[in-house]
Amino acid sequence: MTGALIVAARRSPVVPRGGALARLEPHDLAAPVVAALLADAGLPPDGVDELILSNALGGGGNPARLAALAAGLPVTVGGLSIDRQCCGGLDAILLAEALIRAGRHQAVIAGGAESYSRRPLRLRSDPDGGAAVPYDQPPFTPWPDRDPGMAEAAHAIARDLGIPRAAQDAWAVASHARALAAPPCPGLVPIGGIARDPYARALTPRLAARAPALAGSVSAANTAVAADGAAFCLLVSDALARRLGLQGARILGAASLGADPEWPGLAPVPAIRAALAQAGLTPADLDAVELMEAFAIQAMACADRTGLPADRINRGGGALARGHPIGASGAVNAVRLFHDLRPGQRGLAAIAAAGGLGSALVMQR
């Protein structure tokens with residue numbers, strides 16, 4: 001077994017669907033991010049053994065292969081596409097680390113790319129020859145009566161915990177305020193003339209209260225908007241890091257777990273606890289936390305149930321102030337965490353996914 005380091009971390013801007021990145025395919029979003037990673041590390045393209053890309057909304061066809069070719073990687077880099085919905089971007093990084101620790105590869109690029117704007121239209125064929133039936137969301141469990149919509153599932157958490165809409169709106173208002181006050185993320189690669197996440201705005205409780213409800217207390221203001229974006233990390237073996245003279249971040253603990261599919265927003269809770277236990281840390285030991293904000297209530301519940309320190313969560317704003325590029329969001333959080341930590345500091349990234357999935361990692365710079 002060998003060790004692995006994250007030696008570079010980069011991402012595109014996150015832009016709501018239909019915006020400035022709307023005409024770009026996932027590989028178009030990924031290629032400049034991959035190029036920036038290699039430049040940061042001083043690693044030639046032929047030094048890369050594999051590229052792992054999470055994508056949840058595309059139409060198949062191995063988008064990782066397209067991204068590898070578009071980025072100018074050798075044709076020997078086959079590309080591995082994975083789909084674990086929102087968790088996929090984080091899980092790609094964990095898979096890359098496992099491959100390096102096992103001695104299979106020396107350098108792996110891992111993350112996610114998602115174009116909500118360019119996602120294919122979905123139709124289910126009729127085996128009896130009738131008209132195809134359109135659908136927007138695939139099933140996430142085999143039981144239709146136990147497969148809630150994500151907004152409905154989020155509202156169920158709020159109802160169960162007794163957290164009103166005003167409190168969820170307040171979390172969203174704070175997320176936007178922190179994003180507006182934060183300096184640009186040093187890991188951001190400008191694409192299409194966009195050099196920042198453009199969605200954050202001066203949201204107020206009054207404006208949030210006027211947003212249309214999606215399900216009970218869950219509204220358009222306390223829910224992350226669908227978005228386009230890409231994010232990747234470059235992981236290398238300890239031996240290669242020494243040869244290149246690189247330092248970086250080490251993953252101290254990680255977990256990808258399933259939980260009750262009827263409460264998908266709570267799935268990160270056991271993953272966070274497992275990752276911290278593996279790292280031998282408590283929440284108080286963390287210097288920074290990137291906690292996914294697909295819904296304000298989801299982040300609020302996970303923070304409360306795991307005891308994460310409130311003053312260290314999403315200090316530069318979360319997905320409520322940026323947007324949610326499904327398969328890339330976990331990697332966006334990892335990239336932000338990498339750049340938020342100073343040498344010697346430790347942090348956590350965590351995310352939930354439909355179907356009751358949760359992933360978390362603890363890293364140390």
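**Close-ups of a predicted model**

**View 1. Arg 124 parks its charge on a tyrosine.** In this predicted model, the charged end of Arg 124 is found over the ring of Tyr 135, with 4.4 Å to the ring centre.

**View 2. Arg 365 and Phe 338 make another arginine-over-ring contact.** Here Arg 365 lies over the face of Phe 338. The distance to the ring centre is 4.0 Å. And what about aromatic pairs, how many does a search of the whole structure find? Zero.

**View 3. Strand 10 is covered on both faces.** This strand takes in residues 227–237, and eleven of its eleven residues are buried. In a regular strand, side chains point alternately to one face of the sheet and the other. On one side of strand 10 sit Ala 227, Gly 229, Ala 231, Cys 233, Leu 235 and Ser 237, all buried. The other side holds Asp 228, Ala 230, Phe 232, Leu 234 and Val 236, and these are all buried too.

**View 4. Strands 1 and 2 each pair with strand 10.** Strand 1 (residues 4–11) runs antiparallel to strand 10, and seven bridges join them. Look for Ala 8, whose bridge partner in strand 10 is Leu 234. Strand 2 is just residues 15–16, also antiparallel to strand 10 and joined to it by two bridges. Its Pro 16 stands opposite Ala 227 of strand 10.

**View 5. Strand 5 pairs with strand 10 as well.** Nine bridges link strand 5 (residues 107–115) to strand 10, again in the antiparallel sense. To get your bearings, find Ala 110: standing opposite, in strand 10, is Cys 233. That cysteine is one of the buried residues from View 3.

Note on methods. Residues are numbered from 1 along each chain as its sequence is written. This is a predicted model: local features need pLDDT of at least 70, side-chain atom pairs count only at pLDDT 80 or more; totals for chains, interfaces and linings use all residues. Side-chain values use heavy atoms; hydrogens and water are left out. Rings of Phe, Tyr and Trp (its six-membered ring) pair if their centres lie within 6.5 Å; planes under 30 degrees apart count as stacked, over 60 as edge-to-face and the rest as tilted. A charge sits over a ring if NZ of Lys or CZ of Arg is within 6 Å of the ring centre and within 35 degrees of the ring normal. Buried means under 20% relative accessible area, exposed over 50%, partly exposed in between (1.4 Å probe, protein chains only). Helices (H or I, at least four residues) and strands (E, at least two) are DSSP runs, numbered from the N terminus. Two strands pair if DSSP finds at least two bridges between them.
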